[in-house]
Amino acid sequence: MANTPEDLAYTKDHEWIRAKGDLATVGITDYAQKQLGDVVYVELPKVGDRFEATEPFGSVESVKAVSEIYMPVTGSVVEVNETLNDSPEQINEDPYGDGWLIVVKMENPAQADGLLTSAEYEDYIKAEAGE
Amino acid sequence: MLKRTALFEAHLALGGRMIDFAGWEMPVQFSGPTQEHLAVREAAGLFDVSHMGEIEVQGPGAIDLLQRVTTNDVAKLHDNQVQYSILTNQDGGILDDLLVYRINHEYYLLVVNAANTIKDFNWIKQQAGSFSAEVHDTSAGHILLALQGPRAEQILQGLTDHMLDRIPYYWSQRVSVDGCESRISRTGYTGEDGFEIFCSPSDARHLWNRLLVVGHPHGLVPCGLAARNTLRLEASLRLWGNDMDETTTPIEAGLGWAVKLAKRDFIGRDVIERQKREGPGRKLAGFVVEDRAPARDGYPIVVDGLEVGTVSSGSPAPFLKKNIGMAYLASRYAAAGTSIQIMVRGRPVPARIAEMPFYKRGKRFD
């Protein structure tokens with residue numbers, strides 16, 4: 001079973017965010033990295049790029065597929081995890097830690113409260129996996 | 001409703017992730033594409049490829065019918081020999097690629113792509129009119145396993161008394177494998193040594209499990225379609241539907257070696273002969289991406305701002321650890337060493353045309 005820390009918020013597209021004030025760190029979930037398999041390439045936006053919630057902001061590629069990643073909240077990118085260029089496998093090894101993707105400055109921090117809790121996300125992936 | 005092979009339950013029991021492939025519910029992966037791919041290069045892998053179609057052609061006119069519908073020279077085959085060949089239409093387009101097994105001079109087994117089985121069967125039957133030959137789709141009666149990798153022979157030898165080292169590349173033999181009547185051939189779609197094993201559906205589960213048990217100490221793992229795809233791409237083996245189809249000819253696809261113009265007339269011969277003489281306007285070429293971004297099926301290819309082709313198969317290559325692919329390109333851009341750009345989600349990424357095959361196994365028998 002996938003790991004879903006309780007202090008994070010989740011999306012149905014399998015991203016997580018860790019919100020603090022108006023800043024949010026964004027990554028993909030343990031369940032998502034397991035579904036993808038070994039990540040071989042990550043395409044991320046530049047600092048300063050602005051995205052609406054649910055807009056695709058990059059992609060994560062495994063050997064067999066490309067998966068788009070979607071913004072959990074509206075905001076501008078203030079930091080990008082450049083180490084993923086050389087070590088994309090960090091997404092598999094530590095999806096909630098070293099495998100983070102970007103930090104966003106949220107325009108409306110209340111959006112984060114509308115995302116799934118860890119319990120809700122667990123129910124969602126159980127249903128998706130047909131368990 | 002998707003079709004299932006006799007091994008469907010066995011795949012679920014091993015944690016296989018199932019997908020729809022050409023109307024079949026097949027395992028795309030077990031432990032993971034990369035691990036499975038590397039196991040086949042370094043030890044061995046076992047694939048269920050029962051979705052492949054089998055068509056039997058029998059009768060005094062079987063050879064003449066096959067000479068008419070396929071591009072290779074069936075007359076060159078001896079009993080138990082196997083040949084790679086192509087079914088072409090009147091325009092020289094590729095209906096399918098296939099293996100032709102000669103059982104005896106009046107009995108041939110064709111192994112065709114799952115997506116094309118019914119089309120191929122109808123096509124061959126339609127051409128059979130004036131020939132004294134019967135054509136049967138026997139796919140339902142066949143299970144096909146592929147045991148591939150440098151340890152494949154050693155593993156299979158543990159389950160049969162037949163001396164496997166006497167079966168050369170592209171030859172087959174009827175043998176008993178752990179008590180199951182089978183036909184095995186030294187063939188495959190991975191670029192490795194290995195065998196393909198035909199058996200009856202009632203023996204499938206027994207053989208599958210026995211092979212995995214006997215092979216386990218040798219590093220054998222069950223493999224899915226994802227690894228099969230990256231293995232064949234590294235070995236530059238074409239995939240019908242990606243790297244060739246009814247709109248491409250064997251010459252364009254770089255399969256001229258499987259076309260024998262010297263034999264009697266065959267369907268599509270005129271077009272193919274002219275193209276071989278004049279040179280095709282476009283060609284399938286291999287490329288290596290000079291960037292971390294993988295090229296994927298369908299990405300456009302650009303030279304000097306001009307679109308000159310499309311990626312037909314592209315992927316990270318787990319053993320070679322490069323991003324590789326094949327593409328149809330205007331012939332003037334298809335020479336090895338040519339610099340091209342691949343459009344990856346709107347970003348031009350540098351790549352270079354490379355000699356194929358990308359991967360060739362070391363010779364082990366000479």
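**Entry 1. Chain A, overall.** I counted the secondary-structure elements of chain A and found 4 helices and 9 strands. The model I am reading is a predicted one. Going from the N terminus, I noted the order of elements in chain A as β-β-β-α-β-β-β-β-β-α-α-β-α. I then looked up how compact the chain is. The radius of gyration of chain A is 14 Å, close to the 14 Å given by the globule rule for 131 residues, so chain A is as compact as a globular protein of that length. I recorded the span of the C-alpha trace along its principal axes as about 35 × 35 × 20 Å.

**Entry 2. Chain A, burial and contacts.** Of the 131 residues in chain A, 41% are buried. I also looked up sequence separation: among contacts in chain A with a separation of 6 or more, 63% join residues 24 or more positions apart.

**Entry 3. Val80(A).** I located Val80(A) in strand 8 of chain A, which covers residues 75-80. Is Val80(A) buried, exposed or partly exposed? I found 19 C-beta neighbours inside 10 Å, and because a buried residue needs 20 or more, Val80(A) counts as partly exposed. Leaving aside residues up to four places away in sequence, I listed its contacts: Val80(A) touches Leu44(A), Pro45(A), Val47(A) and Ile102(A). I also checked Ala24(A), which lies 56 residues from Val80(A) along the chain; their C-alpha atoms are separated by 12 Å.

**Entry 4. Contact between chains A and B.** I noted that 9 residues of chain A and 12 residues of chain B take part in the contact. On the side of chain B that touches chain A, helix 2 (33-42), helix 7 (225-234) and strand 16 (306-317) of chain B each supply at least two residues. I sorted the residues of that side of chain B by type and obtained 6 nonpolar, 4 polar and 2 charged.

**Entry 5. Helix 4 of chain B.** I examined helix 4 of chain B, residues 117-127, and found Thr117(B), Asp120(B), Phe121(B) and Ile124(B) buried. Why do these residues lie on the same side of helix 4 of chain B? They cover an arc of only 100° around the axis, which puts them on the same side of that helix. On the other side of helix 4 of chain B, I recorded Asn122(B) and Gln126(B) as exposed. I then looked up what covers the buried residues of this helix. The covering elements of chain B include strand 4 (53-58), helix 3 (62-69) and strand 5 (82-88). They also include strand 6 (94-104), strand 7 (107-112) and strand 8 (134-137) of chain B.

Terms used
Residues are numbered from 1 along each chain as its sequence is written. Chains are lettered from A and ligands numbered from 1 in the order in which they are written. This is a predicted model: local features need pLDDT of at least 70, side-chain atom pairs count only at pLDDT 80 or more; totals for chains, interfaces and linings use all residues. A residue is buried if 20 or more other C-beta atoms lie within 10 Å of its own, exposed if 12 or fewer, and partly exposed in between; C-beta atoms are placed from the backbone. The arc is that of the directions from the helix axis to the C-beta atoms. Two residues are in contact if their C-beta atoms, placed from the backbone, lie within 7 Å. Ala, Val, Leu, Ile, Met, Phe, Trp, Tyr, Cys and Pro count as nonpolar, Asp, Glu, Lys and Arg as charged, and the others, Gly among them, as polar. The radius of gyration is taken over C-alpha atoms; the globule rule is 2.2 Å times the number of residues to the power 0.38.
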